[in-house]
Amino acid sequence: NTAHDVTAFGTGVFGDRKMFEAQAFEGKFRLFDVTRGDGVVTYDNTTGTNLDVFSLNKMFKDGSAVDAHANAQITYDYYQDTFGRDSVDDNGQVLISAVHVGNNWNNASWNGRQMSYGDGDGLRFHPLAAGLDVAAHEMSHGVVQHTANLIYRGESGALNESFADIFGAMVDRDDWLIGENIMADGTLALRSMEDPTDLIERRTEAPYPDHWSKRYTGTLDNGGVHINSSINNKAAYLISEGGDHFDVAVNGIGRDKTEQIYYRALSLYLTRSSDFSMMREAAIQAAGDLYGSDSDAVAAVEQAYSAVGVY
Ligand SMILES: O=C(O)[C@H](CCc1ccccc1)CC1(C(=O)N[C@@H](Cc2c[nH]c3ccccc23)C(=O)O)CCCC1
Ligand SMILES: [Zn+2]
């Protein structure tokens, strides 16, 4: 019998019901969506690597699997609808997610081929697959890899991280926080793009930086890729929302123009070794291409990067 696409249902980690595309296959149902690119598939790593998630009926009960699958579909649709991009490689590459990776693993990752999610230990993190911004962050690493492919170290690595946060916050569009719904220890979020200094970075025990003069210059975390990303995150937030930052006033232009500027900069102008200064120039160029060289958008980009000390 041939496999065919079905609409299925499930409850996420937090008991929220949701619908998504799955596949009827050999008399059962599996989390394989054949309607997006070459597929969106979600595996369960509880007892092995990349094992299919089956259900005897159209109701899936594994919260992490349901959330990872639905969030991957939402993120696929974001890139398709917003930029006309067909998956991470713009050629329909299958979007693979694996849940229950590790043993109460307090993290998630993109390993160059797939997304992986830990269950969290319930003290620091809830299952990380429940975070839509986390899924979008991980898939965005795949997009970065197939575009500028920014080296994952130092300033280029911080940009790599920042792009993942920026598009994570654009998909999970109701705030400028990363991981706000998966923290089990009562903290507001993992990172804040709105005010990075609201949160303490775990390795350095220091507030995330919101200005280039506060950048981390040590060797932890590949030279602070998850730390200095907050400097570019703050610039992106200011471009979209505006604000006064270190006595520099920025007039915001909104999320729709901001996401287009960053996608164009990433896909057309940045290269593997681009640093923060090149990020400023690429964003100015992209804003000029899209909205005119004397536009509010170009002004916002120039002001925002000046506000975070990047020239
Ligand atoms: O994708 C990423 O950049 C992070 C991938 C981390 C990783 C790297 C290499 C191998 C395995 C895992 C995962 C996320 C992240 O930002 N992790 C941070 C913060 C963090 C999460 N759990 C931690 C445990 C200890 C220390 C830091 C952390 C990090 O790994 O720095 C992204 C969104 C949420 C989790
Ligand atoms: Zn990342």
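**Figure 1. H137 and H141 share helix α2 in this predicted model.** The helix spans residues 132-145. The two histidines sit four residues apart, about one turn of the helix. Are H137 and H141 buried or exposed? H137 is buried, and H141 is buried too. Both residues also serve the metal site shown next.

**Figure 2. A zinc ion (ligand 2) is held by two histidines and a glutamate.** Which atoms coordinate the zinc ion? H137 contributes NE2, and H141 likewise contributes NE2. E161 appears twice, each time through an OE atom. The coordination distances run from 1.9 to 2.7 Å. Along the chain, the donors of the zinc ion follow the spacing H-x3-H-x19-E.

**Figure 3. S140 is another residue of helix α2.** S140 counts as buried because its relative accessibility is 1%, under the 20% limit. A polar atom of the S140 side chain lies 2.6 Å from the backbone oxygen of A136. What does S140 touch beyond residues up to four places away in sequence? The list is Y79, F163, A164 and F167. Of these, Y79 returns in the view of helices α1 and α6.

**Figure 4. Helix α1 crosses helix α6.** Helix α1 covers residues 63-83, and helix α6 covers residues 255-269. Their axes come within 11 Å. The crossing angle is roughly 90 degrees, so α1 is roughly perpendicular to α6. Which residues meet here? From α1 come Y78, Y79, T82 and F83. From α6 come E259, Q260 and Y263. The residues of this contact divide into four nonpolar, two polar and one charged.

**Figure 5. N71 lies in helix α1.** N71 is buried because its relative accessible area is 5%, under the 20% limit. Where neighbours within four places in sequence are left aside, N71 is in contact with A129, A130, G131, L132 and A135. Two of these contacts, L132 and A135, fall within the residue range 132-145 of helix α2.

**Figure 6. L95 belongs to strand β9.** The strand runs over residues 95-99. L95 has a relative accessible area of 0%, so L95 is buried. Which residues does L95 touch, apart from those up to four places away in sequence? G39, V40 and V41 are among them. So are A72 and Y76. S87, V88, M115 and M139 complete the list. M115 is 20 residues from L95 along the chain. The C-alpha atoms of L95 and M115 are separated by 8.1 Å.

**Figure 7. N50 has a positive phi value.** Its phi is near 50 degrees, and N50 is a residue other than glycine. Where does N50 lie? N50 is in the loop between β5 (40-44) and β6 (51-52). At 25% relative accessibility, N50 counts as partly exposed.

**Figure 8. H100 also has a positive phi.** The angle is about 55 degrees, although H100 is not a glycine. H100 is placed in the loop between β9 and β10 (108-110). Is H100 buried or exposed? H100 is buried, because its relative accessible area is 17%, under the 20% limit.

Terms used
Residues numbered from 1 in each chain as written. Chains lettered and ligands numbered in written order. Predicted model: local features only at pLDDT ≥ 70, side-chain atom pairs only at ≥ 80, totals over all residues. Heavy atoms only, no water. Donors = N, O, S within 2.8 Å, 3.2 Å for Na, K, Ca; no water. Buried < 20%, exposed > 50% of the residue type's maximum accessible area, 1.4 Å probe, protein only. Polar contact = N/O pair within 3.5 Å; in protein donor to acceptor, adjacent residues only side chain to side chain. Contact = heavy atoms within 4.5 Å. Axes fitted to C-alpha atoms, helices over the stretch in contact; angles between N-to-C directions. Parallel < 35°, antiparallel > 145°, perpendicular 65-115°, else oblique. Nonpolar A, V, L, I, M, F, W, Y, C, P; charged D, E, K, R; others polar.
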